[in-house]
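Subject: Structure handover

Hello,

Here is the structure I promised to pass on. Please open it first, then read the notes below.

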Amino acid sequence: MSSFIVNGGKRLSGEAEVQGAKNSALPILAATVLTKGENVLFNCPRLSDVDASLRILRFLGCEAKEQGEAVIVKSDNLSDSEIPERLMREMRGSIVFLGALLARTGRARLSFPGGCELGPRPIDLHLKALRKMGAKISERHGVIECKADKGLRGAKINLSFPSVGATENIILAAALAEGTTTIINAAREPEICDLCDFLNESGAKIYGSGEGVIVIDGVQELSGASHDIIPDRIEAATLMAAAAITAGEITLRGVIRNHLSSIIPLFEEMGCETGFKNGDMSFSAPQKLRAVPLIRTMPYPGFPTDAQALLMAVAAVCGGTTVFAENIFENRFKHVDGLMRLGADIHVQGRVAVVNGVNELYGARVEATDLRGAASLIVAALRAEDKTEVNGIEYLERGYDGLELVLSSLGADVRKL
């Protein structure tokens with residue numbers, strides 16, 4: 001078990017490079033199962049979830065290694081279509097291997113995935129879509145067994161909710177399916193676009209990524225490709241929150257402005273200033289932040305649920321009251337207890353949290369219970385008086401590549417135990 005020791009009260013300043021996007025890296029690693037030849041992935045973050053994906057690939061018979069700043073995967077010798085429970089339980093994103101394995105081998109056997117406990121995240125949309133594409137699926141004792149002995153076929157799939165995971169699984173399954181697949185009400189996240197870009201670079205025929213309707217014309221085979229993973233918009237939001245809560249002034253290198261279109265206006269409403277030049281974002285915050293009346297999580301391009309905990313940490317010291325409405329996950333306020341131990345004034349009722357800004361936060365020993373909640377406690381600790389000990393850092397390392405080093409380079413007093 002690891003922990004962070006944070007001595008708050010340090011104003012952040014300086015420059016930092018934004019890591020590659022975790023939520024792009026995981027489905028793209030799964031997508032390499034579909035290819036023959038060498039894949040070279042640049043800007044792939046060093047995360048425990050990425051390590052888990054590489055272990056799955058190696059178990060399946062693929063060559064997967066880190067080489068310098070790149071990850072190299074070759075799936076020519078794929079020899080298995082079953083992922084054991086011990087590997088599936090390591091991360092929620094492991095379910096994305098389902099569509100890739102089914103498309104490549106005609107079968108897949110895996111257990112329900114693990115990851116952060118954020119409330120029910122059913123995979124019924126995934127399974128319903130794959131059945132429509134011709135897969136025969138059985139579920140017994142927590143194990144999903146899929147077969148498509150005659151191969152998958154294209155279908156018209158209308159998602160009842162723009163699920164990111166379901167959209168990814170359908171895209172992966174459809175890439176090698178016979179005929180055309182159309183996804184209606186598809187997820188529009190930048191990470192979906194990044195996955196489609198990688199697949200198209202490998203020889204796929206995918207149209208409309210980033211829109212509500214995606215069309216995939218199946219091809220017979222895909223080849224390896226070189227690909228740069230997009231910057232992580234949630235890490236960028238984390239560093240913005242860290243600068244905002246410390247009245248800091250930082251520059252983030254390698255930022256795509258459009259990916260932050262729902263986040264930047266909220267910080268600007270708090271009184272922060274942003275500027276962009278040649279892929280770099282300048283960000284500065286005033287001594288006293290203003291409260292944003294309402295922050296509502298929504299599917300992209302709405303405000304992301306992954307940034308909710310981060311903005312709540314900042315709202316804890318804003319002048320006024322902020323209401324958070326969580327519309328994606330039922331149990332995404334687990335970080336509230338930790339923030340309150342640091343002195344925040346927060347009241348939760350169901351999926352709504354009311355945050356009354358306070359003047360100061362105070363150091364304490366707090367426990368992280370999920371990835372973004374861990375980041376929010378660290379952000380709050382940067383403002384707190386005296387020392388804060390944040391435990392449960394193994395959750396943080398699922399999605400951040402050396403966050404303590406990045407924050408330290410910007411002037412924070414953070415060390416990992």
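Start at helix α4, where Phe97, Leu98, Gly99, Ala100, Leu101, Leu102 and Ala103 are buried. Bear in mind throughout that this is a predicted model. Helix α4 covers residues 97-105 and is mostly covered, with seven of its nine residues buried. Look just past its end. Gly106 follows α4 and has a positive phi of about 85 degrees.

Next, strand β8. This strand spans residues 107-111 and pairs with strand β7, residues 82-83. The two are parallel and share two bridges. Ile83 has Leu110 of β8 as its bridge partner. β8 also pairs with strand β10, residues 143-147. Here the pairing is antiparallel, with five bridges. To find the register, look at Ser111, which sits opposite Val143 of β10.

Now the sheets. One of them is open, has four strands and runs in the order β11-β12-β14-β13. Its pairing is mixed. Which strands are at the edges? They are β11 (156-158) and β13 (205-207), and each pairs on one side only. From one strand to the next, the twist averages 15 degrees. β11 runs parallel to strand β12, residues 180-184, and three bridges link the two. One pair to check is Asn158 with its bridge partner Ile184 in β12.

Another open sheet of four strands is ordered β2-β17-β19-β18. Its pairing is mixed too. β2 (13-17) and β18 (273-277) are the edge strands. Each has a single partner strand, so one side of each has no neighbour in the sheet. Twist in this sheet averages 15 degrees from one strand to the next. β2 and strand β17, residues 249-253, run parallel and are joined by five bridges. Within that pairing, Glu17 stands opposite Arg253 of β17. A helix lies on this sheet: α8, residues 233-245, packs there and touches β2, β17 and β19 (280-284). The direction of α8 makes about 170 degrees with that of β17.

Then a helix pair. How do α6 and α7 run relative to each other? Helix α6 covers residues 164-175 and helix α7 covers 190-201. Their axes come within 11 Å and cross at roughly 10 degrees. An angle under 35 degrees counts as roughly parallel, and α6 and α7 are therefore roughly parallel to each other. From α6, the contact uses Val164, Thr167, Glu168, Ile171 and Leu172. From α7, it uses Ile192, Leu195, Cys196 and Leu199. By type, the residues of this contact are seven nonpolar, one polar and one charged. The spacing along a helix is worth recalling here. An α-helix has 3.6 residues a turn, so residues three or four places apart point the same way.

Last, the cysteines. How many disulfides does a search of the whole structure find? Zero. Why is Cys193 not bonded to Cys196? The two sulfurs are 6.7 Å apart, which is too far for a bond. A disulfide needs the sulfur atoms within 2.5 Å. For Cys196, the nearest cysteine sulfur is that of Cys193. Cys196 is also one of the α7 residues in the contact with α6. Its relative accessibility is 1%, so Cys196 counts as buried.

That is the tour.

Best wishes

Notes:
Residues numbered from 1 in each chain as written. Predicted model: local features only at pLDDT ≥ 70, side-chain atom pairs only at ≥ 80, totals over all residues. Heavy atoms only, no water. Pairing = 2+ DSSP bridges. Axes fitted to C-alpha atoms, helices over the stretch in contact; angles between N-to-C directions. Buried < 20%, exposed > 50% of the residue type's maximum accessible area, 1.4 Å probe, protein only. Parallel < 35°, antiparallel > 145°, perpendicular 65-115°, else oblique. Contact = heavy atoms within 4.5 Å. Nonpolar A, V, L, I, M, F, W, Y, C, P; charged D, E, K, R; others polar.
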